[in-house]
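Take a moment to look over the sequence and the structure before reading on. The paragraphs below lead from the chain as a whole to a few of its parts.

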Amino acid sequence: MSNSNAARAPRDDDRRLDRGRAEGRGETGRSTPERPKLRLAPPMPVSGPRVPFVVMIVVLVMAGVVGILALNQKINENAFKLDKLRAEQAQLDRQEQDLNQQIAAKEAPGNLAAQARKLGLVPAGAPAFIRLPDGRIVGVPQPANGEPAITSQGG
């Protein structure tokens, strides 16, 4: 490629200028005074009010920081509540386990027999059964014999 002026292609500005000169000649062949080249002027600088914009940005940043602090405070508050609830749950689990052990101890056969004697119950003899379809009694029913315990309530 060559950078010489002879080899360069004519630019659009040059073509418009030549066309304008050709059209500018009147019938007498005189040329009209050449018009100055018009160029695109740079846009006028837009100067908006900067102070309100800066104030708005500062307010937004401060609101964001306050919001984050409030959120962090709530999270910490809920963490303390959760810790308290977990401790309460552990205490309730221990209490439930103690109650289940007490129930298991009272359901033991020896304890049931002692409580029954305390209430005045005596061991029963051989049971008798009633067959429902025909009403027949199987076995001989007998009342329970025995003395109630001294500690019985019925006395």
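**Reading the predicted model**

At 46% relative accessibility, lysine 74 counts as partly exposed, because the partly exposed class lies between under 20%, which is buried, and over 50%, which is exposed. This residue is a useful place to begin, and we will return to it once the chain as a whole has been described.

The model is predicted, and the confidence of the prediction therefore deserves attention, since pLDDT is the predictor's confidence in each residue, from 0 to 100. The chain averages a pLDDT of 81, and 75% of its residues score at least 70. Among the elements of the chain, the lowest mean pLDDT, 54, belongs to helix 1, which covers residues 12-24, while the highest, 96, belongs to helix 2, which covers residues 50-106.

In terms of its elements, the chain contains 3 helices and 2 strands, and anyone following the sequence from its start meets them in the pattern α-α-α-β-β. Of the 155 residues in the chain, 1% count as buried. The surface that the chain exposes amounts to about 15000 Å², and carbon and sulfur atoms supply 60% of that area. When the contacts with a separation of 6 or more are considered, 33% of them are accounted for by residues 24 or more positions apart.

Part of the surface is a nonpolar patch, which is formed by Phe53, Val54, Met56, Ile57, Val58, Leu60, Val61, Met62, Val65 and Leu69, and these residues together have about 950 Å² of accessible area. One of them, valine 54, is found in helix 2, and with a relative accessible area of 47% valine 54 is partly exposed.

We can now return to lysine 74 and turn to the charged side chains. The structure holds 3 salt bridges, and one of these joins lysine 74 to glutamate 77, with the closest N and O atoms 3.7 Å apart. Both lysine 74 and glutamate 77 lie in helix 2, where they are 3 residues apart, or about one turn of the helix. Glutamate 77 also forms a salt bridge with lysine 81, and here the closest N and O atoms are 3.8 Å apart. Lysine 81 and glutamate 77 are again both in helix 2, 4 residues apart, which is about one turn of the helix. In this way Lys74, Glu77 and Lys81 are linked in a network of salt bridges. Glutamate 77 is partly exposed, because its relative accessibility is 32%, and lysine 81 is likewise partly exposed, with a relative accessible area of 46%.

A further salt bridge is formed between aspartate 134 and arginine 131, whose closest N and O atoms are 3.5 Å apart. Arginine 131 is partly exposed, with a relative accessible area of 39%.

The last stop is valine 140, which has its place in the segment after strand 2, the strand made of residues 137-138. Is valine 140 buried or exposed? Valine 140 is exposed, because its relative accessible area is 58%, and the exposed class covers values over 50%. Leaving aside its neighbours within four places in sequence, valine 140 is nevertheless in contact with Ala126 and Ala128. Valine 140 and phenylalanine 129 are 11 residues apart along the chain, and their C-alpha atoms are separated by 8.5 Å.

Conventions: Residues are numbered from 1 along each chain as its sequence is written. This is a predicted model: local features need pLDDT of at least 70, side-chain atom pairs count only at pLDDT 80 or more; totals for chains, interfaces and linings use all residues. Side-chain values use heavy atoms; hydrogens and water are left out. Patches are made of residues with over 30% relative accessible area and no salt bridge: like charges are joined within 9 Å, nonpolar side chains (Val, Leu, Ile, Met, Phe, Trp, Tyr) within 5 Å. Accessible areas come from the Shrake-Rupley method with a 1.4 Å probe; for residues, only the protein chains shown count as cover. A salt bridge is a side-chain nitrogen of Lys or Arg within 4 Å of a carboxyl oxygen of Asp or Glu. Buried means under 20% relative accessible area, exposed over 50%, partly exposed in between (1.4 Å probe, protein chains only). Contact means heavy atoms within 4.5 Å.
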